[in-house]
Amino acid sequence: MNELEEYVMAGYPAIFLETPEEERAIEICLRLAKKLDFKFVDWPQSGNEKSDYTKNPTTVLLDGLRLDEDERWIYCVIDFHPFLNSPNVWRTAKECFRQAKEKGVTYIFISAKFQMIPELEREVVVLDLPLPSKEELKKLAINILRDNELEIKNVSEASEAAKGMTLNEAENAFGISISKCGKLDFQTICSVKKDIICRDGILEYELSNQSVDSIGGLEKF
């Protein structure tokens, strides 16, 4: 959030935020807007069943320039990357970004993966949203325990086991643990993480109590 804030305050008109955690990214942008006293709008509108998902992509971009000029804005646009290869879209985007800087609008595009086209490489900045910190995972674990009216314990162990997961993945792992064990269980959460890591067949996950100190003959490693 600090890095994102620096770019917004510096007046960057377009930021591409790469993350599979759409809801978490929107929440971070919303918190940032509140902190900076900016107005916030997103497309499609979060939780709004009437959002126009078929709107022309150039119209989506131009909507950012129609925002109230007396306010500073963060305009989040979700899953826009498929449209960027269209010459009409990227040409409109370049013009919108130029005007957005003058109007006090920051476009923040959120998608799981961006393949940036050469025409926009020098017009935008691309940031990665790191996976949740241990503190974020602890907060999630506490909320889930409270929602299930369970004793607040094993939170640190559960958040350690969930490191490397998205918030949604961790929430599912905590839910499975509570369903199976009636509590947050380290081994159960690790088992769920193993399934996630190994689902593409490329990596294998091994849970070990050994430390690097127990590996002989590899001091330099």
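**Figure 1. Close-up of glutamate 135 and lysine 138 in helix α5 of the predicted model.** Glutamate 135 counts as exposed because its relative accessibility is 55%, above the 50% cut-off. Its salt-bridge partner is lysine 138, and the closest N and O atoms of the pair are 3.7 Å apart. Lysine 138 has a relative accessibility of 23% and therefore counts as partly exposed. Both residues belong to α5 and are three residues apart, about one turn of the helix. An α-helix has 3.6 residues a turn, so residues three or four places apart point the same way. Elsewhere, Glu21, Arg24 and Glu136 are joined into one network by salt bridges that share partners.

**Figure 2. Close-up of the salt bridge between arginine 24 and glutamate 136.** The closest N and O atoms of this pair are 3.2 Å apart. Arginine 24 lies in helix α2 (residues 22-36) and glutamate 136 in helix α5, so the salt bridge ties together parts that are 112 residues apart in sequence. Arginine 24 counts as buried because its relative accessibility is 11%, whereas glutamate 136, at 30%, counts as partly exposed. In total, the structure holds 13 salt bridges.

**Figure 3. Close-up of arginine 98 and glutamate 102 in helix α4 (residues 87-103).** The two side chains form a salt bridge whose closest N and O atoms are 3.6 Å apart. Because the residues are four apart in α4, about one helical turn separates them. Arginine 98 is partly exposed, with a relative accessibility of 45%. Glutamate 102 is exposed, with a relative accessible area of 62%. Side chains of opposite charge can pair when their charged atoms come close.

**Figure 4. Close-up of helix α2 and the residue that follows.** The 15 residues of α2 should span 21 Å at 1.5 Å a residue, and the end C-alpha atoms are 21 Å apart, so the model agrees with the expected span. The buried residues of this helix are Arg24, Ala25, Ile26, Ile28, Cys29, Leu32, Ala33 and Leu36. Arg24 in this list is the partner of glutamate 136 in a salt bridge. Aspartate 37 follows α2 and has a positive phi, near 60°.

**Figure 5. Close-up of helix α7 (residues 167-181) and its packing partners.** This helix has 15 residues, and the distance from its first C-alpha to its last is 21 Å, close to the 21 Å expected at 1.5 Å a residue. Glu169, Ala170, Ala173, Phe174, Ser177 and Ile178 are buried in α7. The buried residues of α7 pack against three helices: α5 (134-147), α6 (155-161) and α8 (186-198). Glycine 182, just after α7, takes a positive phi of about 75°.

**Figure 6. Close-up of strands β1 (residues 14-18) and β5 (residues 125-128).** The two strands run parallel and are joined by four bridges. Leucine 17 is opposite leucine 127 of β5. Side chains alternate along β5: Val125 and Leu127 point to one face and are buried, while Val126 and Asp128 point to the other and are not buried. In a regular strand the side chains alternate between the two faces of the sheet. Leucine 127 thus appears twice in this view, as a buried residue of β5 and as the residue opposite leucine 17.

Methods. Residues numbered from 1 in each chain as written. Predicted model: local features only at pLDDT ≥ 70, side-chain atom pairs only at ≥ 80, totals over all residues. Heavy atoms only, no water. Buried < 20%, exposed > 50% of the residue type's maximum accessible area, 1.4 Å probe, protein only. Pairing = 2+ DSSP bridges. Expected span 1.5 Å × (residues − 1). Contact = heavy atoms within 4.5 Å. Salt bridge = Lys/Arg side-chain N within 4 Å of Asp/Glu carboxyl O.
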